[in-house]
Structures are given as structure tokens and as C-alpha cells.
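Subject: Structure handover and findings

Hi,

Here is the structure for your files. My notes follow below it.

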Amino acid sequence: MQNKLKGKIIFLGIFIILISKDLLAETSFSLYSEGLSFYKEKKYQEAEAKFKESIKVNQWYALPYYALGRLYIRQTGKVKDAIINLQKAIECDNNLANANFYLGLAQLISEKYIEAIHSFKRAYELDKKYAEALFNIAVIYEHLGNDYMAFFYYREYLKETEKK
């Protein structure tokens, strides 16, 4: 009987600690939002720190990974880090079209052309506003010497932009 009571008291103590910690902790979203504000002000180091804090609070929140990926694309020598973070964003939310698009850009910069084509296609499948992805695919095919596929995607790009 006394062991059951001790167990319940210990469980209750742990429960209270966990709840109070969650209530006092900043949310992942608020940290991401702060990072986004820093990013818009071009305070990139501060933005990076907030995005990383956001990930520490919730490692399954896609947006801070996406934001880090975009941040790293801008920085010389950080394209590999951009790819890693954008892939993690997509792992967290497979329907994040903008993460797929920017992953395609990072892969294009890294000369990972086939992977870039797949990322651009996925971005366009998820959100038709990424017609630029079709143009990027055409450019890659042209670079690879596949004139037929380049022509096909240039034509698709033109059809899509004429709709607007």
C-alpha cells in the first residue's frame, strides 16, 4: 500500500514538473517567428540561433528547418547544410512545396541535377504557383544535353505562365 502511494506521488511530481516546464518554455512557433523577424531584418546570425532553438523545442516542426535551408543557400559554402535542413523539413512535412522548391535550387547549385529535377517536379505537383520549377527543369535538361526534354519543359512553363 505504501509503495503504491510512493509511486503515485513520484508520478504526480514528475507530471507537475513536465507540465510547468511546457508552460514556461517558449513554443517552437514563437522562436521560429522571432527567427523570421531577424531574417527579414537581415540579422542572419540571430535568425539562425532562433531557428535552431525552435528545433530544440520541437524537432518535428518543419518550418525552422526550411528557414535554415533558405538561410544557408545564401551563404557561401553552406549549400550542403541547406540540403540537409531542407530534406529534414520535407521529412517533417512532405507537402511543404516551398521546401521542395528550395531543395531543388540547392541541389542545382550542388550540380545534383537529377535530384534537383525530382525536387522541382515535387514542388510543382504540390503547388502550381511554382511554375518557375518547370523552367528550372528545362534549364537542367538543356545543360544535360537533352534538348527534347528541355523543349518539353520550356513549353510547359510557357503554357503555365500564359494562364496567369
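First, a definition: a residue is buried at under 20% relative accessible area, exposed at over 50%, and partly exposed in between, with a 1.4 Å probe and protein chains only. Buried residues make up 35% of the chain's 164 residues.

Two notes on sourcing. This is a predicted model, in which local features need pLDDT of at least 70 and side-chain atom pairs count only at pLDDT 80 or more, while totals for chains, interfaces and linings use all residues. Residues are numbered from 1 along each chain as its sequence is written, and side-chain values use heavy atoms, with hydrogens and water left out.

**Overall**

The chain has 9 helices and 0 strands. Helices here are DSSP runs of H or I, at least four residues long, and strands are E runs of at least two; both are numbered from the N terminus. Along the sequence the pattern reads α-α-α-α-α-α-α-α-α.

Accessible areas come from the Shrake-Rupley method with a 1.4 Å probe, and for residues only the protein chains shown count as cover. The chain's accessible surface is about 10,700 Å². Carbon and sulfur atoms hold 58% of that surface.

A contact means heavy atoms within 4.5 Å. Take contacts in the chain between residues at least 6 apart in sequence: 45% of them join residues at least 24 apart.

**Cores**

A nonpolar core is a set of buried Ala, Val, Leu, Ile, Met, Phe, Trp, Tyr and Cys residues, joined through side-chain atoms within 4.5 Å. The largest one has 23 residues. Phe51, Ala89 and Ala99 touch the most other members. Five elements give two or more residues to this core: helix 2 (28-40), helix 3 (44-57), helix 4 (62-73), helix 5 (79-92) and helix 6 (97-109). Helix 4 gives the most, with 7 residues.

Set aside residues up to four places away in sequence, and Phe51 touches Tyr32, Gly35, Leu36, Tyr39, Pro64, Ala67 and Leu68. Another core lies apart from the largest one. That second core has 17 residues, among them Phe120, Tyr130, Leu134 and Ile137.

**Helix 4**

Of the 12 residues in helix 4, 9 are buried, so this helix is largely enclosed by the rest of the structure. The buried ones are Ala62, Pro64, Tyr65, Tyr66, Ala67, Leu68, Gly69, Leu71 and Tyr72. They pack against helix 2, helix 3, helix 5 and helix 6.

The geometry checks out too. The expected span of a helix is 1.5 Å times one less than its number of residues. For the 12 residues of helix 4 that gives 16 Å, and the end C-alpha atoms are 17 Å apart, which agrees.

Asparagine 85 sits in helix 5. Its relative accessible area is 12%, so asparagine 85 is buried. Leaving aside neighbours within four places in sequence, asparagine 85 is in contact with Tyr65, Tyr66, Leu68, Gly69 and Tyr72.

**Salt bridges**

A salt bridge is a side-chain nitrogen of Lys or Arg within 4 Å of a carboxyl oxygen of Asp or Glu. By this rule there are 8.

Lysine 50 pairs with glutamate 34, with the closest N and O atoms 3.1 Å apart. Lysine 50 lies in helix 3 and glutamate 34 in helix 2, so the pair ties together parts that are 16 residues apart in sequence. Lysine 50 is buried at 17% relative accessibility. Glutamate 34 is partly exposed at 30%.

Lysine 50 also meets glutamate 53 in a salt bridge, at 3.9 Å from N to O. These two both lie in helix 3, 3 residues apart, about one turn of the helix. Glutamate 53 is partly exposed, at 33%. Glu34, Lys50 and Glu53 are thus linked in a network of salt bridges.

Glutamate 48 and lysine 52 form another salt bridge, at 3.3 Å between the closest N and O atoms. Both lie in helix 3, 4 residues apart. Glutamate 48 is buried at 15%, whereas lysine 52 is partly exposed at 40%.

**Backbone**

Lysine 42 has phi near 65°, a positive value in a residue other than glycine. Lysine 42 lies in the loop between helix 2 and helix 3 and is exposed at 60% relative accessibility. Glutamate 111 also has a positive phi, about 60°, and is not a glycine. Glutamate 111 is in the loop between helix 6 and helix 7 (113-126), exposed at 56%.

Best wishes
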